[in-house]
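Hello,

Here is the structure I promised to pass on to you. Please have it open while you read the notes underneath.

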Amino acid sequence: RFYYPNVQMRQRIVVKRCKKKPVEIEAIQFTGDNYKEVEEFVGQPLYISYEMVAIPTLEGIMRCKAKIYVIKGVRGEFYPCDREIFEETYEEI
């Protein structure tokens, strides 16, 4: 039996079923040679090296290799997303 301080034993944990809210995002796929387009999308100069671009995110600078999508979130933030996850999550409108 585990003891969790600050948690009443009578408290029930309720698991909720949820789904993502439908939101529209903007994204560009980094192909490995479209550095300028990604830089224009992000709106600032980026660190660029062979088949890699570094983008500013809320968590700091993140490196993106070829085939990674750069997504602009609903608040204007940027983050990388693997191609497989992007294709499962988003569809073009």
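Below are some notes on its aromatic rings and on one loop residue.

First, the ground rules: this is a predicted model, in which local features need pLDDT of at least 70 and side-chain atom pairs count only at pLDDT 80 or more, while totals for chains, interfaces and linings use all residues. Residues are numbered from 1 along each chain as its sequence is written, and side-chain values use heavy atoms, with hydrogens and water left out.

Let me start with the rings. Rings of Phe, Tyr and Trp (its six-membered ring) pair if their centres lie within 6.5 Å; planes under 30 degrees apart count as stacked, over 60 as edge-to-face and the rest as tilted. By this rule there are 4 aromatic pairs. One of them joins Tyr-69 and Phe-86, stacked at 3.8 Å centre to centre with 10° between the planes. Tyr-69 sits in strand β5 (residues 69–72) and Phe-86 in helix α2 (residues 83–89), so this pair ties together parts 17 residues apart in sequence. Helices (H or I, at least four residues) and strands (E, at least two) are DSSP runs, numbered from the N terminus.

Phe-86 also pairs with Tyr-90: the centres are 5.0 Å apart and the planes at 35°, so this pair is tilted. Ring pairs thus link Tyr-69, Phe-86 and Tyr-90 into a cluster. Tyr-69 is buried at 14% relative accessibility, as is Phe-86 at 12%, whereas Tyr-90 is partly exposed at 21% (buried means under 20%, exposed over 50%, partly exposed in between; 1.4 Å probe, protein chains only).

Lastly, Asn-34 lies in the loop between β1 (26–29) and α1 (35–42) and is buried at 10%.

Best wishes
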